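Hi there,

Here is the structure I promised to pass along. Have a look at it first, and then read on for what turned up.

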Amino acid sequence: MSVLLCSDINLQHLQSLLDRYGLAIEVVKDNEPIPGSFWQPPEAGLVEDTLYIRNDTPVHSALHEACHYICMDCTRRAQLHTDAGGTAIEENGVCYLQILLSDFIPEMKRKRMLDDMDEWGYSFRLGSARAWFEQDAEDAFEWLLKNDLITSDSEPVWKLRQ
């Protein structure tokens, strides 16, 4: 199985989703370096309020980096270039939120996101992204709720962490 790439989706769906958070998308030409890519291409990159992707960037990577932007505090967001930083619990919140937001990308949805996370090598102690999300992510849920990023029904509230 191969992961879903940005070239496989209507990028307008991703842009419409990220517009709600004030995050722009810039598509980089094939084989060009991706600005702000911490893990290097084809992984997405972040610089200030712009998410950089290429056609071969996995959708899970684009959403993961976007969720870093959403979940970081204002101070880090103002200085953002490449390394999102953050704590382990924030990283869990990022993973949880990217799963929730995947439902807003028609070509992705939650099941594909969970499968792609496993395929790419995300590591969870219960062995899969699905098991983590369904059985072991209470701390991530509580962190997102406490930071007013989701509702108690796991719905995004469409604002950045303050």
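Let me begin with a loop. Asn31 sits in the loop between β1 and β2. Asn31 is not a glycine, yet it has a positive phi of about 70 degrees. With a relative accessible area of 71%, Asn31 is exposed. Please keep in mind that this is a predicted model.

Gln40 belongs to the loop between β1 and β2 as well. Its phi is also positive, at about 80 degrees, although Gln40 is not a glycine. Gln40 counts as partly exposed because its relative accessibility is 48%, and the exposed class starts over 50%. A little further on, Pro41 and Pro42 are joined by a cis peptide bond, with omega at about 15 degrees. Pro42 lies in that loop too, which runs between β1 (24-27) and β2 (45-47). For context, most residues other than glycine have a negative phi, and most peptide bonds are trans.

Now for the chain as a whole. What pattern does the chain follow along the sequence? It reads α-β-β-β-α-α-α-α-α-α, with 7 helices and 3 strands. The radius of gyration is 14 Å, which agrees with the value near 15 Å that a compact globule of 162 residues would have. The C-alpha trace spans about 40 × 40 × 25 Å along its principal axes. Of the contacts in the chain with a separation of 6 or more, 58% are between residues 24 or more positions apart.

On the surface side, the chain exposes about 7,700 Å², and carbon and sulfur atoms supply 47% of that area. There are 14 positive and 28 negative charges, and the mean positions of the two sets are 3 Å apart.

Inside, buried residues make up 49% of the chain. The largest nonpolar core has 49 residues, and those with the most contacts inside it are Leu14, Leu51, Tyr96, Leu97 and Trp132. Several elements each supply at least two residues of this core, among them α1 (11-19), β3 (50-53), α4 (88-102) and α6 (129-135). The largest share, 8 residues, comes from α2. If you would like one residue to click on here, try Trp132: beyond residues up to four places away in sequence, Trp132 touches Asn92, Cys95, Tyr96, Ile99, Phe124, Leu126, Ala137 and Ala140.

Three other residues may be worth a look while you have the model open.

- Ser61 is found in helix α2. Is Ser61 buried or exposed? Ser61 is buried, because its relative accessible area is 1% and the buried class covers values under 20%. Apart from neighbours within four places in sequence, Ser61 is in contact with Glu43 and Ala44.
- Gly93 lies in helix α4 and is buried, with a relative accessible area of 0%. Cys67 is 26 residues away from Gly93 in sequence, and their C-alpha atoms are 8.4 Å apart. Leaving out neighbours within four places in sequence, Gly93 contacts Cys71, Ala140, Trp143 and Leu144.
- Ile89 is in helix α4 and counts as partly exposed, at 27% relative accessibility. Not counting residues up to four places away in sequence, Ile89 touches Asp139, Ala140 and Trp143. Ile89 and Glu142 are 53 residues apart in sequence, with 9.8 Å from C-alpha to C-alpha.

Enjoy exploring, and write back whenever you like.

Best wishes

Technical notes:
Residues are numbered from 1 along each chain as its sequence is written. This is a predicted model: local features need pLDDT of at least 70, side-chain atom pairs count only at pLDDT 80 or more; totals for chains, interfaces and linings use all residues. Side-chain values use heavy atoms; hydrogens and water are left out. Helices (H or I, at least four residues) and strands (E, at least two) are DSSP runs, numbered from the N terminus. The radius of gyration is taken over C-alpha atoms; the globule rule is 2.2 Å times the number of residues to the power 0.38. Buried means under 20% relative accessible area, exposed over 50%, partly exposed in between (1.4 Å probe, protein chains only). Contact means heavy atoms within 4.5 Å. Accessible areas come from the Shrake-Rupley method with a 1.4 Å probe; for residues, only the protein chains shown count as cover. Lys and Arg count as positive and Asp and Glu as negative; His and the chain ends are not counted. The place of a charge is taken as NZ of Lys, CZ of Arg, CG of Asp or CD of Glu. A nonpolar core is a set of buried Ala, Val, Leu, Ile, Met, Phe, Trp, Tyr and Cys residues joined through side-chain atoms within 4.5 Å.
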